[in-house]
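Biologist: Before we discuss any detail, please show me the sequence and the structure.

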Number of protein chains: 2
Amino acid sequence: MNYKIKSRIWIEEGDNVLLGEGRVRLLKAIDKTGSLSKAAKSLQISYKKAWTLIDAVNKSSRQPVTVTSIGGKGGGGAVLTEYGKKLIIAFDEINKNCWNYLEAQIEKINNL
Amino acid sequence: MNYKIKSRIWIEEGDNVLLGEGRVRLLKAIDKTGSLSKAAKSLQISYKKAWTLIDAVNKSSRQPVTVTSIGGKGGGGAVLTEYGKKLIIAFDEINKNCWNYLEAQIEKINNL
DNA sequence: TTTCGTTATATTTGTAAATACATAACGATT
DNA sequence: AATCGTTATGTATTTACAAATATAACGAAA
């Protein structure tokens with residue numbers, strides 16, 4: 001059995017976290033469902049947790065990442081901004097490249 | 001103000017963690033002090049926490065990472081095995097290269 | 001055989017984080 | 001103005017984790 005290497009990356013603005021894997025997952029779910037409550041349900045987390053996460057994302061971001069509306073047809077909803085979409089694409093790419101690098105490097109340790 | 005990117009890497013054997021940044025820090029302190037209790041003190045963690053960490057390291061490692069002795073002159077002590085020394089060197093190198101890569105990549109996000 | 005500083009381990013206590021629950025506010029549609 | 005599915009927020013409870021405390025075991029050396 002060989003060792004495996006794992007990693008987590010995240011982006012900070014000052015002392016606050018902007019993005020991590022969980023937040024990216026949530027943003028993708030919002031993009032797919034058009035709603036924060038549906039996104040939360042699909043990820044099996046509470047609405048409150050999802051809301052707190054998105055609130056933190058928007059507070060630490062330079063530009064809005066989501067736009068929400070309350071009331072009206074369907075009760076409201078949430079969508080990603082263009083900036084938000086670009087963010088998750090860039091994050092995923094960096095993360096994937098990081099994994100690829102690490103997966104190659106673990107051989108150094110398996111061969112010790 | 002620009003965003004910063006951070007990361008954590010760790011090595012797993014099956015479901016158990018072998019090495020992470022904290023464990024590597026502890027192993028280095030053991031190497032420097034020759035004792036688990038002194039290493040714990042130098043890192044401002046409890047002896048118990050240090051012992052639990054080292055126990056987990058040795059249980060998930062293919063080969064012993066530390067060798068401890070109880071009683072006798074000086075009460076006993078702990079030293080790293082050659083395998084343990086090689087492990088922390090390899091871990092540090094991989095980790096450092098990972099940081100360098102990420103630091104270059106964060107520009108993609110700062111330029112969005 | 002007593003001392004000493006260490007390793008080894010169990011048990012309790014305290015604290016922070018996650019979770020659950022509850023409710024207000026909103027606004028287009030009917 | 002009543003309804004509906006959302007967003008938005010406060011509060012309480014539970015859980016998980018960290019920290020503190022206590023104590024046994026060890027063996028060389030004096």
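Modeller: Please bear in mind that this is a predicted model.

Biologist: Which elements each supply at least two residues of the surface near DNA strand C?

Modeller: The surface near DNA strand C has 6 nonpolar, 11 polar and 5 charged residues. Of the 22 residues around the strand, those that come nearest are G72(A), L36(B), S37(B), Y47(B) and W51(B). The elements that each give at least two residues are α3 (47-60) of chain A and, from chain B, α2 (36-43), α3 (47-60), β3 (66-70) and β4 (76-80).

Biologist: What percentage of the atoms of DNA strand C within 4 Å of the protein belong to sugar or phosphate?

Modeller: A polar backbone atom of S37(B) lies 2.9 Å from a phosphate oxygen of DNA strand C, and an N or O atom in the side chain of T68(B) lies 3.0 Å from a phosphate oxygen of the strand. Bases take part as well: a base nitrogen is 3.3 Å from an N or O atom in the side chain of Y47(B). Among the strand atoms within 4 Å of the protein, the share belonging to sugar or phosphate is 65%.

Biologist: Within what arc do the buried residues of α3(B) fall, seen down its axis?

Modeller: α3(B) has 14 residues and spans 20 Å from its first C-alpha to its last, close to the 20 Å expected. Its buried residues are A50(B), I54(B), V57(B) and S60(B). Seen down the helix axis, these buried residues line one face, because they fall within an arc of 140°.

Biologist: Which exposed residues does the face of α3(B) turned away from its buried side carry?

Modeller: The buried residues of α3(B) pack against β1 (4-13), β2 (16-19), α1 (21-33), α2 and β3 of chain B. On the face turned away from that buried side, the exposed residues are K48(B) and K59(B).

Biologist: Which residue takes a positive phi just after α1(B)?

Modeller: α1(B) has 13 residues and reaches 18 Å between its first and last C-alpha, close to the 18 Å expected. Its buried residues include V24(B), L27(B) and I30(B). Just after this helix, a positive phi of about 75° is taken by G34(B).

Biologist: With which side chain does that of E12(B) make a polar contact of 3.4 Å?

Modeller: E12(B) is found in strand β1 of chain B and is buried, with a relative accessible area of 12%. E12(B) touches Y3(A), K4(A), K6(A), V17(B) and L18(B), leaving aside residues up to four places away in sequence. The polar contact of 3.4 Å joins the side chain of E12(B) to that of K6(A).

Technical notes
Residues are numbered from 1 along each chain as its sequence is written. Chains are lettered from A and ligands numbered from 1 in the order in which they are written. This is a predicted model: local features need pLDDT of at least 70, side-chain atom pairs count only at pLDDT 80 or more; totals for chains, interfaces and linings use all residues. Side-chain values use heavy atoms; hydrogens and water are left out. A residue is near a molecule or strand if one of its heavy atoms lies within 4 Å of it. A polar contact is a pair of N or O atoms within 3.5 Å; within protein, one must be able to donate a hydrogen and the other to accept it, and residues adjacent in sequence count only if both atoms are side-chain atoms. Helices (H or I, at least four residues) and strands (E, at least two) are DSSP runs, numbered from the N terminus. Ala, Val, Leu, Ile, Met, Phe, Trp, Tyr, Cys and Pro count as nonpolar, Asp, Glu, Lys and Arg as charged, and the others, Gly among them, as polar. The expected span of a helix is 1.5 Å times one less than its number of residues. Buried means under 20% relative accessible area, exposed over 50%, partly exposed in between (1.4 Å probe, protein chains only). The arc is that of the directions from the helix axis to the C-beta atoms. Contact means heavy atoms within 4.5 Å.
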